[in-house]
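Here are some short exercises to work through with the model open beside you. Try each task before you read its solution.

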Amino acid sequence: MEIGTDDKPQHFHDDMGDHVGTRLNWLRAAVLGANDGIVSTAGVVMGVAGATDDSGAIVIAGIAALTAGALSMGAGEYVSVSTQRDSEKSLLTLEAVELERMPETEERELAKMYEGKGLSSETAARVARELTEHDALRAHADIEFGIDPDNLTNPWHAAWASMLAFTVGALLPLLIVAFVPDGYRVPVTVVSVVAALALTGFVSARIGYSPRLPAVLRNVSGGLLAMGVTYLIGMLAGVQLG
């Protein structure tokens, strides 16, 4: 990313737009959903493939893993983000009551907080006065809780993003076990999943403006570990039960 100089100013965040926090929440839900879809479904089909060569059983297990996982991810995101949103609303309500009952105390509190950030007492008091006159609740919500009253987290957005991302991620290993011949199923699944995890790691790092290599390595190593463990467990279970 390009960063300018005083002679030719250019900020790295100029193209990021507003509501960066919302963007990062969407990114978190989408990446988490895609990674879970790839790894969990691949783990299930690898585990079943380690226990049996029955293509029908492996595909059925993959479909079940995709369906259950997508619904679970969507419901989990909805519940967790709804809880966060409820907490944010409660904090805003309580803060509004405090501002109504003790406005002077709240203004002094706001000034103290800005003093803690490095402003002089005079400047902090002036800033607190101006912000209070402009929008007291927004000023307190921002500095006390890091909340934007006009941009609360949306549980439906997170739920759909996570569920759809999980489904897209899960389709890769499911399609491989459905159409790749028995003798090539496991190695093709491993190679394809590694490539997909590397891609999601790279894309998430690119969108989130973070280092690419650590994100790729985390995704790939975690996926390989999950597939390896489930395959071994499935193989041992197949030997025992067979």
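pLDDT is the predictor's confidence in each residue, from 0 to 100. This is a predicted model, in which local features need pLDDT of at least 70, side-chain atom pairs count only at pLDDT 80 or more, and totals for chains, interfaces and linings use all residues. Residues are numbered from 1 along each chain as its sequence is written, and side-chain values use heavy atoms, with hydrogens and water left out.

**Exercise 1. Find the average pLDDT of the protein, and the elements with the lowest and highest means.**

Step 1: The average pLDDT is 83, and 86% of the residues score at least 70.
Step 2: Among the elements, H1 has the lowest mean, 76, while helix H3 (residues 103-116) has the highest, 93.
Step 3: Keep in mind that where pLDDT is low, predicted coordinates should not be read in detail.

**Exercise 2. Work out how many helices and strands the protein has.**

Step 1: Helices (H or I, at least four residues) and strands (E, at least two) are DSSP runs, numbered from the N terminus.
Step 2: The protein has seven helices and zero strands, so along the sequence its pattern reads α-α-α-α-α-α-α.

**Exercise 3. List the residues of the largest nonpolar core and say which helix gives the most to this core.**

Step 1: A nonpolar core is a set of buried Ala, Val, Leu, Ile, Met, Phe, Trp, Tyr and Cys residues joined through side-chain atoms within 4.5 Å. Buried means under 20% relative accessible area (1.4 Å probe, protein chains only), and 33% of the 242 residues count as buried.
Step 2: The largest core has 11 residues: Val 45, Ala 49, Ile 58, Leu 66, Ala 70, Met 73, Met 163, Phe 166, Ala 170, Leu 174 and Val 177.
Step 3: Helix H1 (20-51), H2 and H5 each supply at least two of these residues, and H5 gives the most, with five.
Step 4: Apart from this core lies another, of 10 residues, including Val 39 and Met 227.

**Exercise 4. Which residues make the nonpolar surface patch?**

Step 1: Patch residues have over 30% relative accessible area and no salt bridge (a side-chain nitrogen of Lys or Arg within 4 Å of a carboxyl oxygen of Asp or Glu); nonpolar side chains (Val, Leu, Ile, Met, Phe, Trp, Tyr) are joined within 5 Å. Accessible areas come from the Shrake-Rupley method with a 1.4 Å probe.
Step 2: Tyr 78, Val 79, Trp 156, Trp 160 and Leu 164 make this patch of about 550 Å².
Step 3: Helix H2 (55-101) and helix H5 (155-179) each supply at least two of its residues, with the largest share, three residues, coming from H5.

Terms used:
Patch = residues over 30% accessible without salt bridge, like charges linked within 9 Å, V, L, I, M, F, W, Y side chains within 5 Å. Buried < 20%, exposed > 50% of the residue type's maximum accessible area, 1.4 Å probe, protein only.
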